[in-house]
Amino acid sequence: MKQNRHTVDQIIGKLRRADVLLGKQVKVPEICKQLEITEQTYYRWRQKYGGMQPEMAKELKALQKENARLKKMVAEQALDMEILKEAAKGN
């Protein structure tokens, strides 16, 4: 199967289509064939994005990006502090 990177909007759209099909008593393997995804992907998306609105998903992505940036800043500061401590020991 060809690997695709789906956008958050595409994922949410596919999950909504899956909800409609589930309401029509279609089984999950058949839904996955129609959506052209694996069952594992379906369940992973359901766990991560289930019930989200597109705006919420975009906000989540922005918060994750900001969190990664802040973690990098903290790590760099901790490294700088260690370097300064080592330099101070030498005096």
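Residues count as buried under 20% relative accessible area, as exposed over 50%, and as partly exposed in between. The model described here is predicted. On this scale Tyr43 is partly exposed, because its relative accessible area is 44%. Tyr42 has a relative accessibility of 3% and therefore counts as buried. The two residues form an aromatic pair. Their ring centres lie 5.1 Å apart, and the planes meet at 70 degrees. The geometry is edge-to-face, because planes over 60 degrees apart fall in that class. A search of the whole structure finds one aromatic pair.

Salt bridges were examined next. The count comes to four. One of them joins Asp9 to Lys58, with 3.8 Å between the closest N and O atoms. Asp9 belongs to helix H1 (residues 8–23), whereas Lys58 belongs to helix H4 (residues 54–90). The pair therefore ties together parts that are 49 residues apart in sequence. Asp9 is partly exposed, at 38% relative accessibility.

A salt bridge also connects Asp19 and Arg46, at an N to O distance of 2.8 Å. Asp19 sits in helix H1 and Arg46 in helix H3, 27 residues apart. This pair, too, links distant parts of the chain. Both partners have intermediate accessibility. Asp19 has a relative accessible area of 39% and is partly exposed. Arg46 is likewise partly exposed, at 25%.

The salt bridge between Lys89 and Glu86 lies within one helix. Its N to O distance is 4.0 Å. Both residues are in helix H4, three residues apart, or about one turn of the helix. Lys89 counts as exposed, because its relative accessibility of 67% is over the 50% cut-off.

Charge on the surface was considered last. Arg5, Arg44, Lys48 and Lys61 gather there in a patch of positive charge. Among these residues, Lys48 lies in helix H3, which spans residues 39–49. Lys48 has a relative accessible area of 43% and is therefore partly exposed. That value meets the accessibility condition for a patch, because patch residues must have over 30% relative accessible area. Patch residues also form no salt bridge. Helix H3 thus holds Lys48 of the positive patch as well as Arg46, the salt-bridge partner of Asp19 in helix H1.

Note on methods
Residues numbered from 1 in each chain as written. Predicted model: local features only at pLDDT ≥ 70, side-chain atom pairs only at ≥ 80, totals over all residues. Heavy atoms only, no water. Patch = residues over 30% accessible without salt bridge, like charges linked within 9 Å, V, L, I, M, F, W, Y side chains within 5 Å. Areas by Shrake-Rupley, 256 points an atom, 1.4 Å probe, with all protein chains shown as cover. Salt bridge = Lys/Arg side-chain N within 4 Å of Asp/Glu carboxyl O. Lys, Arg positive; Asp, Glu negative; His and termini not counted. Charge placed at Lys NZ, Arg CZ, Asp CG, Glu CD. Helix = DSSP H or I, 4+ residues; strand = E, 2+ residues; numbered from the N terminus. Buried < 20%, exposed > 50% of the residue type's maximum accessible area, 1.4 Å probe, protein only. Phe/Tyr/Trp six-rings, centres within 6.5 Å; stacked < 30°, edge-to-face > 60°.
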